[in-house]
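User: I would like to go through the terms used for this model one at a time, with each label set against its criterion.

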Amino acid sequence: MNVEPFRDEHPDLPTVCGFIHHPVCGSGDCLILAHAAAGNCNSPLLIALATAFSASGIAVFRCDLPFRVARPNGRPTASLAARDQSGLKRAVQLMKVRASRVYLGGHAYGGRQASLLAASDPTLVTGLLVLSYPLHPPKQSAPLRTQHFSSLQTPAMFVQASKDPFGTQDELRSALDAVPAATRLVVVENARHELLTDSNTDTLPASVVSVFRGFFGLRTKAT
């Protein structure tokens, strides 16, 4: 596996940067992963998933969202969401030059922005991988961040921790009833919003890859 630093700058468009994990024997598929609000593309979860996906033959681009490119610390504001989605759309366009099929996803805030972008453009990507979807703020049952679910026509796999304070598995399962596209909910037991724990670090990434391949009907490329 080869990990390539990637950066594409344009004076009038959001900068796209991060790291591409190239598989030894690629399938032609590429997964773009964005980070959570408090993190960046070097989060342990994104690195672990990128390593596992690339080992299975799927290239992964873990990217920094525009708000993180602009400043190394701090959280995004609602006013930055549109630009973050524009950055993800540029990332998709750039990866489509390299791959036959492109999937999009991310952790928490990154996954939400990916789902919002896909809802606005159903033909943009082949599928979604949404990790720890933030249904609502912790200790609050409303407002639910699901207004766009009824417009989501892209097949989507959701991975949610059983103890996630941003939304229980039952809450998310109920919310997914509004999605017209095919969905799959994977529950990670005894985990919280970060998904990775001391006990599942060695098993969770490969498990996510396996379910992802099954859900989207991807075969391992023969070597």
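Analyst: Before any charge is placed, note that Lys and Arg count as positive and Asp and Glu as negative, while His and the chain ends are not counted. In this predicted model, the mean positions of the 21 positive and 16 negative charges of the protein chain are 2 Å apart.

User: Why is Gln 160 called buried?

Analyst: Buried means under 20% relative accessible area, and Gln 160 has a relative accessible area of 0%, so the label applies. Gln 160 belongs to strand S7, which covers residues 156-161, and across the protein chain 52% of the 223 residues count as buried.

User: What makes the approach of the Gln 160 side chain to Gly 167 a polar contact?

Analyst: The pair must be N or O atoms within 3.5 Å, one able to donate a hydrogen and the other to accept it; the side chain of Gln 160 reaches the backbone oxygen of Gly 167 at 3.2 Å, and therefore the distance meets that limit. Leaving aside residues up to four places away in sequence, Gln 160 also touches others, including Tyr 133, Leu 172 and Val 187.

User: How do you know that the radius of gyration agrees with that of a compact globule?

Analyst: For 223 residues the globule rule, 2.2 Å times the number of residues to the power 0.38, gives a value near 17 Å, and because the protein chain has 16 Å, the two agree. The C-alpha atoms of the protein chain fill a box of roughly 45 × 40 × 35 Å along the principal axes.

Notes. Residues are numbered from 1 along each chain as its sequence is written. This is a predicted model: local features need pLDDT of at least 70, side-chain atom pairs count only at pLDDT 80 or more; totals for chains, interfaces and linings use all residues. Side-chain values use heavy atoms; hydrogens and water are left out. Helices (H or I, at least four residues) and strands (E, at least two) are DSSP runs, numbered from the N terminus. Buried means under 20% relative accessible area, exposed over 50%, partly exposed in between (1.4 Å probe, protein chains only). Contact means heavy atoms within 4.5 Å. The place of a charge is taken as NZ of Lys, CZ of Arg, CG of Asp or CD of Glu.
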